[in-house]
Amino acid sequence: MFNLFSLSWRNIWRHRGRSLLTAGAVGLAVFFTLFYLSFLGAMENSIYNNLTASVGHLQVRVEGYREKREFRDLLIPGVAQVEARLAAQTQAQWVVALEVPALVAGETRSRGVLLIGDRRPAALREAFAKQYLAEGQLPEADDLEGIALGASLARALRLKLGDPVYVYAPGTEGRGAGAYRLVGLLRFPEAAQEARSAYLSLAAAQELAAPGGATRIELHFPFTRYSQDAQLAVVQPQLAASLGPGLSVESWREASPAIAQIFALLTPLVLIFAAIFFGLAGLLVVNTIYLGLLERTRELGVMVALGAGPAQVARMVVLESLLLCSSGAVVGGALGLLTIAALSGGFSLEALYGPVGSEFGLPSVVYLSLRAWDIPITLGFALATGLLAAWWPARVAARLEPVEAMRFTA
Amino acid sequence: MQPLLQTKQLTKVYRVDAIETPALRGVNLEIYPGEFTALAGPSGSGKSTLLYLMGGLDKPTAGEVWLGGQRIDGLSKAQLAQLRLWQVGFVFQAYNLIPVLTALENAAFVLELRGEPREVREAKALEALQVLGMQDYAHRRPNQLSGGQQQRVAVARALAARPKIILADEPTANLDSKTGLALIEHMRSLNREQGITFVFSTHDPRLLERVDRIVRLEDGQIAA
């Protein structure tokens, strides 16, 4: 026995070819939307992980550090106490860094650099080495003589591993100068960063420029997905309050506002594309539903004559549109999810954007992944398409006069 | 006895491009419960128009229509739909079955619109098909039935809903004489055995021979 639902279902398959084409268009829109959203999710996660791996999720610095000119004004007072508070407040790992503007020289050439002395927990140190170390090794935590340079900086200074490196840090509070041995070469995605990066152990940098000092503490949380970033909104003000005045706690967004802006634009951009896909599919749905309505005007007239009210007739038209869109959405969604599952193991994009991509922090391998709301958003689009496409035909159907409709010839 | 259906000075004028064509001119008619009445007359005499106005399918230009003691000519579209759903059964010349539904489902269509439970719908529709000798064809679609069988399903659809009155617009016009006659006999026995009121528009002499009363229409008026 039928009901209005099964009647609508049977009606949409009266013209199998036309309905398949229309459902296919909706399915394609669902497929591409899911794919793009998962691609966007993958890009977000990759960029987020790359970025936070290099700058941390949060950074503790001296308040107003951007406006301060003197090196000593950038030093965090009481680094040990700050670390003790961090240990009590958070589960994050942290990197203590001392950044010193310095002059690095080889036997014949010299360059101005931002010398960084840092102390990293083992896992972060390993990840840093895996990502950026091209040759040699990073200076160990207790190494007071080893230095790692950006590969292009070493080239410019005509230095190779094992060569002596001379560092001058005038106007600081330590020895102000030191001789080191080149132990590692680093490669960074940004050429400018590679050309002016020099790394010491924190102890060596403190001995050179500021005994016991640090200019930055990076906090690294165990987040692997961009969606987890929302937790920072809670942690950040709590940390800021516990550290007291004189220190600021900045998120990666504040530290890298340009990338934060790109993040904010990505989702709306994909949703605009999705709206265009569904808009085009919706035109086909309107066409199919309206043609069906024209072809069945007499039949609808009979239904009205038999007692179907305007709301019942409109409901049937809407139901047909929704069923048509749902059919496409189910098939397109299944294909989309299978594709995403197949590509979730990662695929290379280097062929697409080459080495330029890494300059912008784009990942070389993308792992497709869906976020919690990607599927509801896509289904919402399909549902909205079905409802909007049915609106006008349903209105026409609800206004049918039975006698006129039964006399109608297409 | 109170009439089941009554028209008073019923007038219908069709207007197309400012040209007025009168279809009915002041028709006064009373149909009593249990009647088996035919509206006869030549093409264009206003039979179908009168039938549609009496069933609330169309609105008159002037005059009144009363059904079961309720004036219906001023009802809204939705109210008229409710009235047709619960009180009036229709049978059309071209059968007008829904092609994607089986005979049983077509017979149950009005009951589905009423929102009756599935079991009730099925039982009533099957009973109506049985009365018309169509129970063996219950699961066939209209395109698997002959014209006469389709029209019997259409009558079953009207019958299953147990309306106060069944209005049939030239029900035998598309049927051969044997099939038409069989259908007439079916409707006549329903009228006698179940007391269902039938009003037909027809110019089929076979049907006219079997009705209780013939109302002749000419130029939109009841002929003397």
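Domain bounds here come from an automatic or database domain assignment. On that footing, chain A splits into two parts: domain 1, made of residues 4-50 + 260-407, and domain 2, which covers 58-220. Taken over C-alpha atoms, the centres of domain 1 and domain 2 of chain A sit 52 Å apart. The model is a predicted one, and the rest of this passage turns to how chain B meets chain A.

On the chain B side, 29 residues touch chain A, and 28 residues of chain A make up the other side of the contact. The size of an interface is often given as the accessible area lost when the parts come together. For chain B and chain A, that buried area comes to about 2,500 Å², with carbon and sulfur atoms giving 66% of it. Three residues stand out here: B:K77, B:V100 and B:L113 supply 23% of what chain B buries against chain A, more than any other three residues.

As for polar links, two salt bridges turn up across the interface of chain B and chain A. One of the salt bridges in the model pairs B:E105 with A:R10, and the closest N and O atoms of this pair are 2.7 Å apart. Polar contacts across the interface of chain B and chain A amount to nine residue pairs, counting pairs in which both residues have pLDDT 80 or more. Looking at which pieces of chain B do the touching, the elements that bring two or more residues to the side facing chain A are α2 (77-87), α3 (103-107), α4 (109-114) and α5 (118-131). Of these, α2(B) gives the largest share, with five residues. Sorted by class, the chain B side of the interface holds 18 nonpolar residues, 10 charged ones and one polar one.

Turning to the backbone of chain B, a couple of residues have phi values worth a look. B:Q9 is not a glycine, yet its phi is positive, at about 50 degrees. This residue belongs to strand β1 of chain B, which runs over residues 5-16. B:Q9 has a relative accessible area of 48% and is therefore classed as partly exposed.

B:Y95, also a residue other than glycine, has a positive phi near 65 degrees. Rather than a strand, the setting for B:Y95 is the loop between β6 (88-91) and α3 of chain B. Buried means under 20% relative accessible area, so B:Y95, at 12%, counts as buried.

Note on methods:
Residues are numbered from 1 along each chain as its sequence is written. Chains are lettered from A and ligands numbered from 1 in the order in which they are written. This is a predicted model: local features need pLDDT of at least 70, side-chain atom pairs count only at pLDDT 80 or more; totals for chains, interfaces and linings use all residues. Side-chain values use heavy atoms; hydrogens and water are left out. Contact means heavy atoms within 4.5 Å. Buried area is the accessible area (1.4 Å probe) that two parts lose on being put together, summed over both. A salt bridge is a side-chain nitrogen of Lys or Arg within 4 Å of a carboxyl oxygen of Asp or Glu. A polar contact is a pair of N or O atoms within 3.5 Å; within protein, one must be able to donate a hydrogen and the other to accept it, and residues adjacent in sequence count only if both atoms are side-chain atoms. Helices (H or I, at least four residues) and strands (E, at least two) are DSSP runs, numbered from the N terminus. Ala, Val, Leu, Ile, Met, Phe, Trp, Tyr, Cys and Pro count as nonpolar, Asp, Glu, Lys and Arg as charged, and the others, Gly among them, as polar. Buried means under 20% relative accessible area, exposed over 50%, partly exposed in between (1.4 Å probe, protein chains only).
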